[in-house]
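Trainee: Could you take me through one part of this model up close, and then work outwards from there? I'd like one connected walk rather than a list.

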Amino acid sequence: MSSNDAVIGISDLSTRFGDAWIHRHVNLEIGRGEMVALVGGSGSGKTTLLRQMIGLLAPTQGSISLFGEPLYGGGVERERTLRRRFGVLFQHGALFSSFSVYDNIAFPLRELRSLDEGLIHDLVMLKLNLVELLPRHGLLMPAELSGGMVKRVALARALALEPELLLLDEPTAGLDPDRSDNFVRLIRVLGKELGLTVVLITHDLDTLTALASRVAVLGDQRILAFASLDEIIHIDHPFIRNFFLSERSRRPASPH
Amino acid sequence: MAVPCIKIVTGGDGGRNVLLSGRWTLNMLAPLLDSLRPALAEQAAAGQITWNCLEIEALDSTGAILLWRAWHRRLPGLLLAKPEQLRIFERLEETDHQPPARGVPHSPFEFAISIGGGALRFWRSLADFIALVGQMLLVAAHLLRHPRDTPWREISATLFKSGVLAMPVTALVGFLIGIVLSYLSSLQLKQFGADIYIVNILGLGIIRELGPVLVAVLVAGRSGSAMTAQLGVMRVTEEIEALATMGVSHSVRLVFPKVLALGVVMPMLVLWATAIALVGGMVSAQAQLDISYGFFFDTLPKAVPVINVWIGLTKGLAFGILIALIACHFGLRVRPNTESLSSNTTTSVVTSITVVILVDAVFAVVTRELGMPG
């Protein structure tokens, strides 16, 4: 893959917190339309890496580029334009608790300051429909939503600016298996329909197998492997064996 | 990247074609909305035309909605579009057919309802406050019988945070107020040649009135808001619920130490701030009226009966307990969202200061026979 195609390009990235090295010389390239899962043990720096990709945290060394452009530099205007090209779904939704659902989704659109309220209304209704919520849900406040609905609204807000790249931090954490399956299906359908590149962090094997076209395994301060799930399970590494195989074998056999 | 573009082509059969091209996406459209919208409306009004979307490089929901609105929310009779574009329009049609959200209808008695609601909320809040006071009495009785349960660490922490750390700011404000009061009074007193009465004015005014109220306002702003915010965030993060599941009562562990510690530390702060304010007044009196420090010290006990100090300290005690109770009351009322946190913190501080001044007026009436010289 040429680097021009890469939606996310991470080269020679190292991160240090205090005296502890979280990453050393990490390289990763994610191409357009891919659905990549980042997995790794607790403390392996998955969330740190995700936060670096979205520019919330600057790496100690190395560089990150999104859509072939460097993440930092070039003035406020350029950085802002770049940031509008991706959407982030935070683990706990991070909905603005003083806004209603409608206003939460409308917020990024209003911030553009060039759309009129009629257009914003239509867009919000469309996004609510995309995440399978009804117009009346727009009147609710975040405190009144169930966990699954919070995730849906947060997804609708992440999609508000028509991003090309969607980053998900633990999209199914805290959802029951049924809701979790529904949400995963929703992400997969939307990803295809909107042509999104998706990067997700997950601990949940079901989510992983259902969504990820490729898996990046973080461990020992680097990327241990970056390949399709089938190839990954055959890699002989203690963490990979534990993560994939033990959990697989513990699960009851699926009914036929 | 190609700019969204509208082109009119007259076909071989004489029919008109509207040829759309470029990237019809949010990024590209946002700056062009004002010019595109009328252009689309004009074409849509023209009647028998063919809309050709095949040349559109990218169409996202913003672009689709723009067209959809120009088409009066239905597909035009003659449309050339790719399947994936049609899917977006189908979604829009589906969205339009969903039942619209209905807010709560407005009642003609809105005004009466809001007054009644406000009165009910006030009543409920007052009842909760009285319950909190009762709970504190129960906790105090419980702790007298079981002294081992006394939360010493929490009490000591509040003493330090609300007392020791408040000393610099109360001293600074007290000193400056002392100077200002003394300076302004001396200007008046000079005119009557009643210079030595500066001691009476400062002594009575600061010890009995200004010292306690000043400290109470500062502590309400400083410690009261902090207590409300702390309890509020603990409510948001479910820490209070976690305490309850461990069998630890939040009134014993969180509210009572604050009330007790503020009750203990406020009289001390009042004493401290009063003393510093008197020093400030003394300095200014010496500079303005040439009243020596020695004379000031000598005259003060004669001009101000010592009962005034006790009145001041009692006020401090009452204000301290009230501020802590009000702060905790509003802290426990916080609901898990940021708006509620900020509004409760504001209400807590405003209520504390108002209540302090009301109670101060009550004190003034009740003690009007006490401590006046001569």
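Which residue just after α3(A) takes a positive phi, and of about how many degrees?

Mentor: Sure, and keep in mind as we go that this is a predicted model. The residue you're after is Arg113(A), which sits just after α3(A) and takes a positive phi of about 60 degrees.

Now step back into the helix itself. The buried residues of α3(A) are Val101(A), Tyr102(A), Asn104(A), Ile105(A), Ala106(A) and Leu109(A). As for the spacing in that list, an α-helix has 3.6 residues a turn, so residues three or four places apart point the same way. The buried residues of α3(A) pack against α4 and α5 of chain A, and α5(A) is where I'd go next.

Helix α5(A) covers residues 147-158, and there's a quick sanity check on its geometry: at 1.5 Å a residue, its 12 residues should span 16 Å, and the end C-alpha atoms are 17 Å apart, which agrees. Its buried residues are Lys151(A), Arg152(A), Val153(A), Ala154(A), Leu155(A), Ala156(A), Arg157(A) and Ala158(A). What covers them? The cover includes α3 (101-111), so we meet our starting helix again, along with α4 (117-130), α6 (177-194) and the strands β6 (86-89) and β7 (165-169) of chain A. As for direction, α5(A) lies across β6 and β7 of chain A and runs at about 165 degrees to β6(A).

Those two strands lead us into the sheet. In chain A, 6 strands form an open sheet with mixed pairing, in the order β6-β7-β8-β3-β9-β10. The edges are β6 and β10 (222-227), each with a single partner strand, so one side of each is left without a neighbour in the sheet. From one strand to the next, the twist averages 15 degrees.

Further along that order, β3 (residues 35-40) and β9 (residues 214-219) of chain A run parallel and are joined by 5 bridges; one pair to click on is Val39(A) with its bridge partner Val217(A) in β9(A). On the way to the edge, β9(A) and β10(A) pair in the antiparallel sense, over 5 bridges. There, Leu218(A) has Ile223(A) in β10(A) as its bridge partner. The hairpin of β9(A) and β10(A) has 2 residues between the strands, and here another positive phi turns up: Asp220(A) takes one near 50 degrees.

Now for the other chain. In all, 20 residues of chain A are in contact with 24 residues of chain B, and the chain A side divides into 12 nonpolar, 5 polar and 3 charged residues.

Chain B has an open, mixed sheet too, with 4 strands in the order β1-β2-β3-β4. Its edges are β1 (5-10) and β4 (79-80), each with a single partner strand, so one side of each lacks a neighbour in the sheet. Strand β3 (residues 49-59) of chain B pairs with β4(B) in the parallel sense over 2 bridges, and Asn52(B) stands opposite Leu80(B) in β4(B).

Finish with a helix pair in chain B. Helix α7 (residues 167-192) and helix α8 (residues 198-236) of chain B pack at an angle of about 145 degrees, with their axes 10 Å apart, and the crossing of α7(B) and α8(B) is right-handed. The residues of that contact divide into 13 nonpolar, 7 polar and no charged. On the α7(B) side they include Gly174(B), Gly178(B) and Leu181(B), while Gly205(B) and Leu210(B) are among those in α8(B).

Note on methods:
Residues numbered from 1 in each chain as written. Chains lettered and ligands numbered in written order. Predicted model: local features only at pLDDT ≥ 70, side-chain atom pairs only at ≥ 80, totals over all residues. Expected span 1.5 Å × (residues − 1). Buried ≥ 20, exposed ≤ 12 C-beta atoms within 10 Å, placed from the backbone. Contact = placed C-beta atoms within 7 Å. Axes fitted to C-alpha atoms, helices over the stretch in contact; angles between N-to-C directions. Left-handed = near helix turned anticlockwise from the far one by under 90°. Nonpolar A, V, L, I, M, F, W, Y, C, P; charged D, E, K, R; others polar. Pairing = 2+ DSSP bridges.
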